[in-house]
Amino acid sequence: MSALYGELAQYWPIISPVNAYEDEGRFIAGILKAGKAHEILEFGCGGGHLSYHLRDDFTMTLTDISPEMVDMSRRRNPMCDNKVADMFKANLGRDFDAVLIHDAADYILDTDQMDAAFRTARKHLRPGGMLLVVPDHLADYWQPSVMTGGSGDVHYEARYCEREGGIRIDFTVTVGDRVIEESHDIGLFPQYVWVDRLRAAGFAEVDELDASETGWGERVAFVAHAPA
Ligand SMILES: C[S@@+](CC[C@H](N)C(=O)[O-])C[C@H]1O[C@@H](n2cnc3c(N)ncnc32)[C@H](O)[C@@H]1O
């Protein structure tokens, strides 16, 4: 497990503040409401910061591969069902109106993993249910960048660099005198690949919505419907 989502999970509210997810929450809630979805399963909920902005309007099951992040999500959203699960092979034994993959989509590294995530999502959807995928990055628009943040004793820097076949993020987190550095490989796919793989996973209809209003540059939300 990475340090960022493991021992540093306790600092997630400083590294990635809950308020930063408000615009995305509003945008995603609009799509889920338009699809008449009530029961939602999120893959890769992290500290539950996005879901904090959804939990009053939907019944949410929040899952993440990191037990430390699930713990943070449980503290943030105690009224939701918070569980450890891997988006590539979860089996919660029940189905939902919608499955949401938000920025955890970054951790899909290749099309085999994409297929696995979409199969896992489909298995958890009612007939006609919705898979909503909102990746942070698309190869069509991506540019290298640096993000910084933090407050008090905790500061972080994330450098997004090109690597063969994707992006590498070099994180530096400072907690008091301690400096923790780690790199994450994340995926980078063109828009058409998301659509092709959603169709290949058996989603009958795939809509591509402009998500730039979420405030993170040019971005697309993929809304895929399982056969009714
Ligand atoms: C950027 S964080 C998500 C932050 C989250 N949107 C929030 O509101 O706090 C990405 C998350 O993806 C999770 N993740 C990575 N690979 C995963 C997998 N295979 N299955 C489930 N979660 C995964 C990480 O553990 C991490 O918590």
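**Ligand shell, cores and domains of the predicted model**

The residues of the shell around the ligand comprise 11 nonpolar, 7 polar and 3 charged residues. Of the 21 residues that surround the ligand, those that come nearest are G44, G46, H49, M87 and A104. The structure described here is a predicted model.

The record was consulted for annotated regions. UniProt, in an unreviewed entry, assigns the feature "domain: Methyltransferase" to residues 40-129. In the model, this span is 30% helix and 28% strand, and the C-alpha atoms at its two ends lie 10 Å apart.

The nonpolar interior was examined next. The largest nonpolar core contains 49 residues, and the residues with the most contacts inside this core are I40, A98, V99, I101, L131 and L132. Both helices and strands supply this core: two or more residues each are given by the helices α2 (22-34), α5 (111-123) and α6 (191-200), and by the strands β1 (39-43), β2 (59-64), β4 (96-101), β5 (125-133) and β11 (220-225). A second core, separate from the largest one, has 12 residues, among them L4, L8, Y11 and M72. The surroundings of L132 were followed in detail. Once its neighbours within four places in sequence are left aside, L132 is in contact with I28, I31 and L32, with A98 and L100, and with A221 and V223.

At the level of the whole chain, the domain assignment divides the protein into domain 1, made up of residues 9-137 together with 189-225, and domain 2, made up of residues 145-186. The centres of domain 1 and domain 2, taken over C-alpha atoms, are separated by 23 Å. Contact between the two involves 7 residues of domain 1 and 10 residues of domain 2. On the side of domain 1 that touches domain 2, the residues divide by class into 5 nonpolar, 1 polar and 1 charged.

Individual positions were then considered, beginning with two residues in strands β7 and β9. Y160 belongs to strand β7, which covers residues 154-163. Y160 counts as partly exposed because 18 C-beta neighbours lie inside 10 Å, where a residue is buried if 20 or more are found. Apart from residues within four places in sequence, the contacts of Y160 are P144, S145, I167 and I169. From Y160 to V70, the distance in space is 25 Å, C-alpha to C-alpha, across 90 residues of sequence. V179 is placed in strand β9, residues 178-187. With 10 C-beta neighbours inside 10 Å, V179 is therefore classed as exposed, the limit for this class being 12 or fewer. When residues up to four places away in sequence are not counted, V179 touches T172 and T174. V179 and H155 lie 24 residues apart in sequence, and their C-alpha atoms are 9.5 Å apart in space.

The loop between α2 and β1 holds K36. The phi of K36 is near 55°, a positive value in a residue other than glycine. In general, most residues other than glycine have a negative phi. K36 also counts as exposed, because 10 C-beta neighbours lie inside 10 Å.

Two valines in other elements complete the survey. V84 is located in strand β3, which spans residues 81-84. V84 is partly exposed because 14 other C-beta atoms lie within 10 Å. With its neighbours within four places in sequence set aside, V84 is in contact with T63, D64, I65, P67 and V70. The C-alpha atoms of V84 and G48 are 13 Å from each other, and the two residues are 36 residues apart along the chain. V193 is found in helix α6. V193 has 15 C-beta neighbours inside 10 Å and so counts as partly exposed. Between V193 and S16, which are 177 residues apart in sequence, the C-alpha to C-alpha distance is 28 Å.

Notes: Residues numbered from 1 in each chain as written. Predicted model: local features only at pLDDT ≥ 70, side-chain atom pairs only at ≥ 80, totals over all residues. Near = placed C-beta within 6 Å. Nonpolar A, V, L, I, M, F, W, Y, C, P; charged D, E, K, R; others polar. UniProt positions renumbered as here; feature names shortened; annotations may be inferred. Helix = DSSP H or I, 4+ residues; strand = E, 2+ residues; numbered from the N terminus. Core = buried A, V, L, I, M, F, W, Y, C linked by C-beta atoms within 7 Å. Domains from an automatic or database assignment.
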